[in-house]
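Work through the exercises below with the sequence and the structure side by side. Each task is followed by a solution that proceeds step by step.

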Amino acid sequence: MTTVVNVRDSIPSLPDESHHPKSFAFPKRSFGKTKPVFCSAESQWFDTWPFLHYNEGQDVMFCHTCVTAFKLGRIKSIQVSHIEAVEAVITLPKQTKDVGAQLSIAHKAEKEEARDMLQIILSSVRFLARQRLALRGDGSDVSSNLTQFLHVRAKGNPKMLQWITKKACKHMHHDNQNEMLELMAHQVLRRILDDTHTSPFLAVMVDETRDQSNKEQLTLVLRWVSDDFTVSEEFVGLYYLYLSQSFVVSAYDGCSTMAGARAGVAVKIQELEPRAMFTHCYGHALNLAVNDTITKVPKMKDCLDTCYEIVKLIKFSPKQEAMLSQLKEEMGSDAPGVRTLCPTRKRKVSQRFETGIAPAEFATSPKDENRRVFFECFDLAVMSIRSRFDQKGFKTFSNVEQLLFKTCKGQNYEEELDFVCNFFTNDFNKIELAAELLTLRTLYGTEVAADEKPSVNSINTALLALSTMQRKLLGAVVRLFQLLVTLPATNATSERSFSALRRIKSHLRSTMSQL
């Protein structure tokens, strides 16, 4: 039985070996018009003619050798003899070798030497990249960091020294270097993405900063939780943002670019994925709450300004700092010394500190004044924290957390259960989750001490005490805990990447166009 097909259209990809299904029910076809007969292929044919290939998806059978020769361009037509196809695909490749290797043994040795040199250059580029060193250095190819490092490695390798001194074809052009770095970067990204596939949830942490060359750099960090509840945060990369771009950055600083009601990235992402939550960095939100409190309380503002002026008097004067170091040595003190305040904490100095003409303020009694300042600070701090933490992402995080905590305490959690199941409709089934939460309550009481308050660590301990099969039976609870741990509280990893950016893209490299 033979079916004539268009090989190039019907067989987009051909395996290296012919396919011989053994226990396959071959479909029957009708042959003949006046007296049709139904027949099908048989698996015994593959024993008699091993070159046959059967395509189950298209229900066609053809000669694997002939089609391979035709696809490789070794024969002009599929209707040529089978002997010619066998000679072109099987016989000749075994009897012949590479033309360059046959004509010159030196050509083969040259190829092997080029491979060895390329491996040395690749390892050198990887070393400099891991150490955050520029490959060029002062801009000259001869005195670049890569070339000088290869000279050091070539001291015990004469072939390497000869390779470096070549004028061309030595794989050291800046385009080759960029291609090597790009291949390494893509390999790292592929490994990170492979690791993220093990988690049902993924958090994207984004922030932006300005580098030494006054360009906006976007940093991207991925956060996920593995099957054994190990939290991973991997820095993906820094990306240059053009001011003319309409793309909005996903920063966790609460700015309009991120949290805008119309053009914010949170709204853009939720249009694609409604379950995606925007979470303002809690550390930054707390800092803003402290900032609001200090700004509105004159006493605290004056205290911070006074501390800043004292620190500035010492740190910005070499003479004063030397005197402080001498006093520390005489007193035998091991105190760390004086540190400058963070620029974001610096406040404008009060007018009466600058000019001294503002009217003085006196309270009726120190006790009344201290009480007034205390309650003013306390009320402002509470209001600021409530205002800064009043966000949808925090409410979702709180409901997920309280659902697990109330389950472990044995309290009523119907409100939190309804919220989680309604918000994450496609991730949790209410009936299934409710049944597994009852099991979690029993297991938690056996694994954790009765007087210990529920926490993320205690729940983690209780779940890790279960076997792999037991955790699979509690799949909904495990996913719920993974969701809780995946939600980022702070964006510290992105902030730490800014320090790496300052080390990599220094003022010297920016002015010399190294990056």
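**Exercise 1. Find how much surface the protein exposes, which share of it carbon and sulfur atoms supply, and what part of the residues is buried.**

Solution. Begin with the surface of this predicted model: the protein exposes about 33,300 Å², of which carbon and sulfur atoms supply 56%. Turn next to the residues, of which there are 515, with 32% of them buried. The secondary structure is then read as 24 helices and seven strands. Finally, if one takes the contacts between residues at least 6 apart in sequence, 57% of them join residues at least 24 apart.

**Exercise 2. Decide where the model's confidence is lowest and highest among the elements, and how the coordinates there should be read.**

Solution. The mean pLDDT of the protein is 78, and 82% of its residues reach 70 or more. Among the elements, helix 18 has the highest mean pLDDT, 90, whereas helix 10 (residues 256-259) has the lowest, 46. Two stretches then call for care: residues 1-8, where the pLDDT is below 50 and where the model has 15 contacts beyond near neighbours in sequence, and residues 243-263, where the pLDDT is likewise below 50 and the corresponding number of contacts is 56. Where pLDDT is low, predicted coordinates should not be read in detail.

**Exercise 3. Describe the largest nonpolar core and the helices that supply it.**

Solution. The largest nonpolar core has 37 residues, and those with the most contacts inside it are Leu403, Phe428, Leu433, Leu437, Ile459 and Leu480. At least two residues each are supplied by helix 12 (282-296), helix 17 (392-409), helix 18 (414-423), helix 19 (430-447), helix 20 (456-464) and helix 22 (475-486). Helix 22 gives the largest share, eight residues. To see the packing around one member, take Leu480, which, with residues up to four places away in sequence not counted, touches Val400, Leu403, Leu404, Val420, Phe428, Leu433 and Leu437. Apart from this core lies another, of 15 residues, among them Ala114, Ile121, Leu128 and Leu146. As a general point, nonpolar side chains in soluble globular proteins tend to be buried together.

**Exercise 4. Are Thr407 and Ser458 buried or exposed, and what do they touch?**

Solution. Thr407 is found in helix 17, and because its relative accessible area is 0%, it is buried. Outside the residues up to four places away in sequence, Thr407 touches Tyr413, Leu437, Leu440 and Arg441. Ser458 lies in helix 20 and, at 2% relative accessibility, also counts as buried. With its neighbours within four places in sequence left aside, Ser458 is in contact with Tyr444, Val448, Glu452 and Lys453.

**Exercise 5. Where does Phe229 lie, and what is its phi?**

Solution. Phe229 lies in the loop between strand 6 (216-225) and strand 7 (231-241). Although Phe229 is not a glycine, its phi is positive, at about 65°. The side of the question that concerns solvent is settled by a relative accessibility of 7%, so Phe229 counts as buried.

**Exercise 6. Which residues make the nonpolar surface patch of about 230 Å², and how is Ile385 classed?**

Solution. The patch is made by Leu286, Val290 and Ile385. Ile385 is found in helix 16 (residues 366-389). Its relative accessibility is 37%, and because the partly exposed class runs between 20% and 50%, Ile385 counts as partly exposed.

Conventions
Residues are numbered from 1 along each chain as its sequence is written. This is a predicted model: local features need pLDDT of at least 70, side-chain atom pairs count only at pLDDT 80 or more; totals for chains, interfaces and linings use all residues. Side-chain values use heavy atoms; hydrogens and water are left out. Patches are made of residues with over 30% relative accessible area and no salt bridge: like charges are joined within 9 Å, nonpolar side chains (Val, Leu, Ile, Met, Phe, Trp, Tyr) within 5 Å. Accessible areas come from the Shrake-Rupley method with a 1.4 Å probe; for residues, only the protein chains shown count as cover. A salt bridge is a side-chain nitrogen of Lys or Arg within 4 Å of a carboxyl oxygen of Asp or Glu. Helices (H or I, at least four residues) and strands (E, at least two) are DSSP runs, numbered from the N terminus. Buried means under 20% relative accessible area, exposed over 50%, partly exposed in between (1.4 Å probe, protein chains only). A nonpolar core is a set of buried Ala, Val, Leu, Ile, Met, Phe, Trp, Tyr and Cys residues joined through side-chain atoms within 4.5 Å. Contact means heavy atoms within 4.5 Å. pLDDT is the predictor's confidence in each residue, from 0 to 100.
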